[in-house]
Amino acid sequence: MAKNHTFETMQNGSFKLLLINPANQAKLGYLHDRTTCMMPLGLGIVAALTPPDWEVELLDEGFEEFVFRPADLVAFTGFTASAARAYEIAAVYREKGIHTVMGGIHASMCPEEAMNFVDSVVTGEAEGAWAEVIADFERGEIKKLYEGGIADIQKVPHVRRDIFKYPYIYDLVQTSRGCPWGCDFCSVTRMCGKTYRERDVEDVLDELEMTSRPLLFFIDDNLVNNRKGAGERAIRLFRGMVERGIRKHWISQAALNFGDDNEVLSWARKSGCVMILIGIEAEKTTALEGVSKKLNLKRGISSYETMLKNVHRYGIGITASLIFGLESDRKEDLYERGRYVLRSSFDAYQCTILTPLPGTVLYDRLKEQERIILTNYPDDWQHYHFTVGTVNTPNMEAGEITGTMHRIWPHLYSKMNMRRKMFRTLWNTRNFVTAYWVYGTNHNYGRIVCEGNLHCDDPSCWTYASPWKNVLQWLYLKFTDKVIWVIYKLFWSRMIREQYGYSDGYGIWKEKKQEPPPTIYKT
């Protein structure tokens, strides 16, 4: 049953929905630089599905720490690493008799756990359940569990963007859902299904015209999938952006096949693509087999450089996602993977520790083998942020994995290596913006994994032949410090200033609490 206070609100004729995006309190991550915090797109969809006579407010802990504010219904999203924080905030509202509901990937994978800490849980995709949640709440008959299942992709509403009052730099847009590959470490297939479901291109373009921020992130798990006609659809999307004058730098995620079609790459670049994240995971076949990385195995590791060369021809950079501490890894494999990253043509690199997220094949397997060491749930979920070893593998204990990465990360994300990558990208792509984007991306990843120890500038961490060479390196870093500062002022700082009227978008928002004008959204 809904709490009694809702009936008082019903007599007044309006309700307030508070949407909360909790932030993990144990790891700052992207909060080191709030200009890279991403809007919680799922909550924007929930807002769009909520009746127009409801007041809707968003609280994003990426920008401001939770302070109690009144509401009739409080809804949470949350990744696994932020689940404990969601439960903590929910307890505040439950104590006051205010109904709480939680959805998102973690609640969908662990509904029994979530129901111990919130009043109602929505599993699956919100489009299949939220209308029923609202109707039941208004009648005072809300249930403990709602199953959203897999939604009709053509009925997904445009995100309600007027709730995003914070100075996000990126607008997020999703053009498709689902993934058939089913990698062992990923829960996307279980959450969104094995079939690619694609939104109508014209509808996506209509939504893109409503975006107002300077940068764009297509959050599809695979923007150019392997279905027949996927390339033609991508071309229609990218060409449509050009024809409608939607001029934004954008990034996305894709698989190795992104580099196959020259026409796709040409239109991607013309429409503003600067970077694509691709799941590389490892440079050894045995490691890929251990996590069922089927597409990479099918194409072969030798295809990586061929793909990179073709994508670079069009001025687009590649962020490689790699996993360290795989079940077949030995200590030397971690060091070799780090060396591979630096000698490869990958531009940016996201280097994380194998983490068994609930709902994955990996989690089920390691749980059965009793290899997971952090199991005091829900408190230990806060450590599932990909930078702490959570499992003992056959060849390495969790502590050894973490300790080894603490030696590898500072070298990968040292000033010297990040700048080498930036200039190498400039050479490979002949694209100034892409090269700077690579530096900024690696800089942010370095902040996340090193947490306050970003630059490893101790020469003892470098492999150099002589003290004289260290002097040259010092001079090189001093010179490139100036280059980076000039690029920042000409590109990133100017972009933020044009958007928010000040070079620090977060600072001006915090000072003035200005909200962007409301946008029209599709219901």
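Okay, so the secondary structure of this chain comes to 21 helices and 14 strands. Keep in mind that this is a predicted model. There are 523 residues, and 60% of them count as buried. On the surface side, the chain exposes about 22,100 Å², with carbon and sulfur atoms supplying 53% of that. And if you take the contacts with a separation of 6 or more, 75% of them come from residues 24 or more positions apart.

Let's go to the sheet. It's an open one, six strands, and the order reads β7-β10-β11-β12-β13-β14, with parallel pairing. At the edges you have β7, residues 170–173, and β14, residues 348–353, each pairing on one side only. From one strand to the next, the twist averages 20°.

Start at the β7 edge. β7 runs parallel to β10, residues 215–218, and four bridges join the two. If you want one pair to click on, take L172, whose bridge partner in β10 is F217.

Now go over to β13, residues 317–324, which is where T319 sits. How many of the residues of β13 are buried? Eight of the eight, so the strand is largely enclosed by the rest of the structure. Remember that in a regular strand the side chains alternate between the two faces of the sheet. Here both faces are covered: G317, T319, S321 and I323 are buried on one side, and I318, A320, L322 and F324 are buried on the other.

β13 has a partner on either side in the sheet order. With β12, residues 273–281, the pairing is parallel over six bridges, and M275 stands opposite G317 there. With β14 the strands also run parallel, again joined by six bridges, and this time L322 stands opposite C351.

Zoom in on T319 for a second. Its relative accessibility is 2%, and the cut-off for buried is under 20%, so T319 counts as buried. What does T319 touch, leaving out residues up to four places away in sequence? The list is M275, I276, L277, I278, A348, Y349, Q350, T441 and Y445.

Next, a helix: α8, residues 201–208. Six of its eight residues are buried, so α8 too is largely enclosed by the rest of the structure. The buried ones are V201, D203, V204, L205, E207 and L208, so you'll notice D203 and E207 in that set. The cover over those buried residues includes β7, β10 and α9, residues 230–243, and β7 and β10 are the pair we started with in the sheet.

Then there's a helix pair, α14, residues 331–343, and α17, residues 415–429. Their axes come within 10 Å and cross at roughly 40°, which makes α14 oblique to α17. V341, L342 and R343 make the contact from the α14 side, and N417, K421 and R424 from the α17 side. By type, that's two nonpolar, one polar and three charged residues.

Last stop, Q382. Where is Q382? In the loop between α15, residues 361–368, and α16, residues 398–412. Buried or partly exposed? Partly exposed, with a relative accessible area of 25%. Look at A83 as well: A83 and Q382 are 299 residues apart along the chain, yet their C-alpha atoms are separated by 7.3 Å. Not counting residues up to four places away in sequence, Q382 touches N24, A26 and A81.

Definitions and conventions: Residues numbered from 1 in each chain as written. Predicted model: local features only at pLDDT ≥ 70, side-chain atom pairs only at ≥ 80, totals over all residues. Heavy atoms only, no water. Axes fitted to C-alpha atoms, helices over the stretch in contact; angles between N-to-C directions. Parallel < 35°, antiparallel > 145°, perpendicular 65-115°, else oblique. Contact = heavy atoms within 4.5 Å. Nonpolar A, V, L, I, M, F, W, Y, C, P; charged D, E, K, R; others polar. Buried < 20%, exposed > 50% of the residue type's maximum accessible area, 1.4 Å probe, protein only. Areas by Shrake-Rupley, 256 points an atom, 1.4 Å probe, with all protein chains shown as cover. Pairing = 2+ DSSP bridges.
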